[in-house]
Protein chains: 4
Amino acid sequence: MDHSVRSSRAAWRDKLYQIIFEANTPAGKRFDIALIISIMIGVAIVMLDSMQEMQKEYRRALWIAEWCVTGLFTLEYLARLISAPRPWVYVRSLYGVIDLLALLPAFLSIFFPGAAYLMTVRALRLLRIFRILKLGRYLVEIQVISSALRQSRQKITVFLTAVAVLVIILGSAMYVIEGPEHGFSSIPKSIYWAIVTLTTVGYGDLSPATPWGQLIASIAMILGYGMIAVPTGIVSSELIRAHAVHHTLIQPVVCGECMLEGHEIDAQYCRGCGASLVSETQRMIQ
Amino acid sequence: MDHSVRSSRAAWRDKLYQIIFEANTPAGKRFDIALIISIMIGVAIVMLDSMQEMQKEYRRALWIAEWCVTGLFTLEYLARLISAPRPWVYVRSLYGVIDLLALLPAFLSIFFPGAAYLMTVRALRLLRIFRILKLGRYLVEIQVISSALRQSRQKITVFLTAVAVLVIILGSAMYVIEGPEHGFSSIPKSIYWAIVTLTTVGYGDLSPATPWGQLIASIAMILGYGMIAVPTGIVSSELIRAHAVHHTLIQPVVCGECMLEGHEIDAQYCRGCGASLVSETQRMIQ
Amino acid sequence: MDHSVRSSRAAWRDKLYQIIFEANTPAGKRFDIALIISIMIGVAIVMLDSMQEMQKEYRRALWIAEWCVTGLFTLEYLARLISAPRPWVYVRSLYGVIDLLALLPAFLSIFFPGAAYLMTVRALRLLRIFRILKLGRYLVEIQVISSALRQSRQKITVFLTAVAVLVIILGSAMYVIEGPEHGFSSIPKSIYWAIVTLTTVGYGDLSPATPWGQLIASIAMILGYGMIAVPTGIVSSELIRAHAVHHTLIQPVVCGECMLEGHEIDAQYCRGCGASLVSETQRMIQ
Amino acid sequence: MDHSVRSSRAAWRDKLYQIIFEANTPAGKRFDIALIISIMIGVAIVMLDSMQEMQKEYRRALWIAEWCVTGLFTLEYLARLISAPRPWVYVRSLYGVIDLLALLPAFLSIFFPGAAYLMTVRALRLLRIFRILKLGRYLVEIQVISSALRQSRQKITVFLTAVAVLVIILGSAMYVIEGPEHGFSSIPKSIYWAIVTLTTVGYGDLSPATPWGQLIASIAMILGYGMIAVPTGIVSSELIRAHAVHHTLIQPVVCGECMLEGHEIDAQYCRGCGASLVSETQRMIQ
């Protein structure tokens, strides 16, 4: 194999990589949009398939549509494996695992009919929508919200710890007060009730029947009603700050080595692994 | 037909246009207030008519009242058609369609008794209340809120996309975990449950029965409880900014050509179609 | 009757007035605290009386306690009538009406036993707590919150109008879609459902059973979940502003002529009716 | 006993004190982390024990695990008693009471089997998590949130008073309107309903059945939906201010005399009782 052949194959793989993994070329954008549409179709098929009346009438049509989508996803997965400079890194990345999980149940269902049930895992592929949103005009909005949430992460951890402790204490108290005869059959179930109450969801599948239980429940409700002010205040104050300081832009490129996203507009090397973010073809052009 | 007759008819139509479509003359304001009162009466009649006990006792009175309101609305619709410089544009505008939809069921019910049922569509005419509120002292308030919501539109789109993806993933998970035997009979129904839970509504018509389902539900509830902080934070920060920058005023005039509203106080031409916003009579006075 | 007698009687009434209606003397503060405690006792008695088991066992004790409180309230009412410079103005003021309503059912129940039921109206007297809170260290807090709410009144009116229109449209839609066979028996009842859903309360006494109804309900829930951001944002931004500008203090005096409250610290005359806020004894001292 | 023996014993107790009560040494941090893990295990055991199926299968294993944790907690309690300079102050402090309450039910259950039920009180020990969080990187976050909540304490008291008054008035009204025949059997129960409604929890165990009841409920729901804006606004505005002013740091030391926490970084003496915060060993080193 002489140098020119090797180089041409590299160029071909490099081109495919750019289309599939990057989104700053017209072809890359078109690929991403086509992908998200096929994911939506795939999810819609699984949804329709779960409805009894649909399943009865359009069994055959749904079966064909399902295998078409599975075929497309399989081709895409293979293309990603071929074009990625380090396929193993892609396979172990979050999206790589999701992409594989979206394929497996269809093939498994040939041997074990029950596996078709797991095809609902395909819904996870919808997370790719955020990659599409990051292109174009939603980029800044996503960055402002993410940066505000990132800034408030530690405060929210403290808040969630307080919620967890409170919910365990309330659940334990209700287990003792109401007891199994009113449906509070175990502490974990009472904690589930405490979460339903504190978050103001209030299904009503479990509700206090004794006066003391209703008193504890009333305190839990008022606490939950008032405590919502804490995360709201945290995110509000962070968003006000984020508005003031957020001006950096990010380029829609994934690192070919470690699959890290969110590189700043002037970044030439991955901030995670130091690999070059400029693909070979781009380098040739420059 | 000589020039003076044509001009006088134009003046008469112009006058009618000013009263019906504009609100910056005393007659225009009186018309708008009379209109909103008759819309409220119309909606009240449809409401009373839907109540069994009322329907039995006051059947005749309700029937008469209904036709009086329908008559008034028909006259108003005809007056709008006659006075509008381009009637077709009005007919196809949002308010034009609603005005027609509020009339049709009454006339259709003569031939098809079931159509009376659709008279509830009349409730949509209540949207005209916002036109009335824009007159007088609520104008600035509406503008501040609208401008804050407009500024946060993209961030809210990102938030709603996240909610949609989350709700589909949660719904799919619960369909697999709880299954049809606990009421989660299809993925769309499970998604409905996920929305009921994430928004902290919690009807309780569907609630998890298995420990794993209760765990997923608990996570969904805490997510929903915490996520409310995001839109709240977005709107809060935008309102704080809107307060600082909002000082422009808007005149209560609708463009006669394309029915666009919300023209700035010094605008002489429609920003949508370039038509003059100064009606002929006004021009004559100036 | 010579001048000195008349003047001494005036001084006595003036003194009583100061104790009962004002709160800037030690005696006035003690009276207010004693009053609020007796109101709480009165409300507690009505509560205990409504509980079957209590009513059975402590019937006689509750009856005596009720008449003691009624006696105290009657004396207080008479004292207010005597000491107020213009009794009729007090009788027609909000607190005057509530004070009378808290007495009437007890006396009426002598002739009509059913009137005892209305004694629950006594709970309204708890509103006097806010008068007590205005004394001492909660004064500034109440003023900051009230001023923020007052500033956001118009924006909240616009918001509530939007909620009202939305709730009527959603209720009408659900009445047509779900219909009486699923419990949506009339438009008012459907509007009640829409309020239950939009405010994320979600009792579950009425819940959509058809797929289209569940779709409309899902939209209503997400709207309600997101719309909460509007009043929250309004009040947040006003509170931030209120913090910056609020520094004026208010004296705890009620106008003897028109019962208006909330006079600024240096006010010598009522801003509502122009009457002097300095009582005769105070004037004598000065 | 000569001086050197006495001094060496003091040093040994001082060392133990530092490990158990303080957290600014490596040994102190390790002790706190080990403690929190054993508390979590203890809570998990009580939880598992409350589940019927677990109780049946792993009765013996759970019994052994329970006594191991109880043994550890007993040793820890004794160590705290020995090392604390004033044991009685520790015993009466909040954590001292909780630590004892977590032990008692296990020992009581030897004589009264029913006492095992009260072992759920052990969940209160989870509050120690906040002591662990105060170490390391969560310290500032906890301080910002606590300081914002402390600043808004009085405003929240006013808000809670308004909620309490509103809930009593609404509950009393519903008791009269709906009455015992629709489940509103007493005023306290109606107040419980009012809390369930105002906080937008909405179990649905009690819901209005009459048109007037549904009207009052609708008003209560919209009030509850809107009122949430008040605490949210209060905490938001305080957090924005707290961000601006909060820069002081606090050292993770508990006063050995009065068990007060939260001493500023340069504090040498307890702000509560004036005792020295520098332990003897530290003093020796300096």
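This note goes through how chains B, A and D of a predicted model are arranged and how they meet.

1. **How the copies are related.** Start with chains B and A. Chain B can be laid on chain A by a turn of 90°, with a shift of 0.0 Å along the axis. The RMSD of that fit is 0.1 Å. The two copies are thus related as by a four-fold rotation axis. Chain A and chain D give a turn of 90° too, again with a shift of 0.0 Å along the axis and an RMSD of 0.1 Å.

2. **Which surfaces meet.** Chain B and chain A do not use matching faces. Only 17% of the interface residues of chain B are also interface residues in chain A, so these copies meet through different surfaces. For chain A against chain D the figure is 17% as well, so here too the copies meet through different surfaces.

3. **Extent of the B–A contact.** Chain B brings 46 residues to this contact, and chain A brings 44. Together the two chains bury about 3900 Å². Carbon and sulfur atoms account for 74% of that area. On the chain B side, Q154(B), M221(B) and Y225(B) supply 19% of the area buried against chain A, more than any other three residues.

4. **Polar links between B and A.** How many salt bridges does the rule find across this interface? There is one. The side chains of K155(B) and E141(A) form a salt bridge, with N to O at 3.8 Å. Six residue pairs are in polar contact between chain B and chain A, counting pairs with both residues at pLDDT 80 or more.

5. **Elements on the chain B side.** Four helices of chain B each supply at least two residues to the side that touches chain A. They are α9 (153-177), α10 (187-198), α11 (211-227) and α12 (229-245). Of these, α9(B) gives the most, with twelve residues. By class, this side of chain B has 25 nonpolar, 18 polar and three charged residues.

6. **Extent of the A–D contact.** Now turn to the other pair. Here 46 residues of chain A are in contact with 44 residues of chain D. The buried area is about 3900 Å², and carbon and sulfur atoms give 74% of it. Which residues of chain A lose the most area to chain D? They are Q154(A), M221(A) and Y225(A), which together make up 19% of what that side buries.

7. **Polar links between A and D.** The count of salt bridges between chain A and chain D is one. K155(A) and E141(D) meet through their side chains in a salt bridge of 3.8 Å, N to O. The count of residue pairs in polar contact is six, both residues being at pLDDT 80 or more. On the chain A side, two or more residues come from each of α9, α10 (187-198), α11 (211-227) and α12 (229-245). The most come from α9(A), with twelve residues. The classes on this side are 25 nonpolar, 18 polar and three charged residues.

8. **A check on helix α9 of chain A.** This helix covers residues 153-177, which is 25 residues. At 1.5 Å a residue it should span 36 Å. Its end C-alpha atoms are 35 Å apart, which agrees. Just after α9(A), G179(A) takes a positive phi of about 75°.

Note on methods: Residues are numbered from 1 along each chain as its sequence is written. Chains are lettered from A and ligands numbered from 1 in the order in which they are written. This is a predicted model: local features need pLDDT of at least 70, side-chain atom pairs count only at pLDDT 80 or more; totals for chains, interfaces and linings use all residues. Side-chain values use heavy atoms; hydrogens and water are left out. Copies are superposed by least squares on the C-alpha atoms of residues with pLDDT of at least 70 in both. Contact means heavy atoms within 4.5 Å. Buried area is the accessible area (1.4 Å probe) that two parts lose on being put together, summed over both. A salt bridge is a side-chain nitrogen of Lys or Arg within 4 Å of a carboxyl oxygen of Asp or Glu. A polar contact is a pair of N or O atoms within 3.5 Å; within protein, one must be able to donate a hydrogen and the other to accept it, and residues adjacent in sequence count only if both atoms are side-chain atoms. Ala, Val, Leu, Ile, Met, Phe, Trp, Tyr, Cys and Pro count as nonpolar, Asp, Glu, Lys and Arg as charged, and the others, Gly among them, as polar. The expected span of a helix is 1.5 Å times one less than its number of residues.
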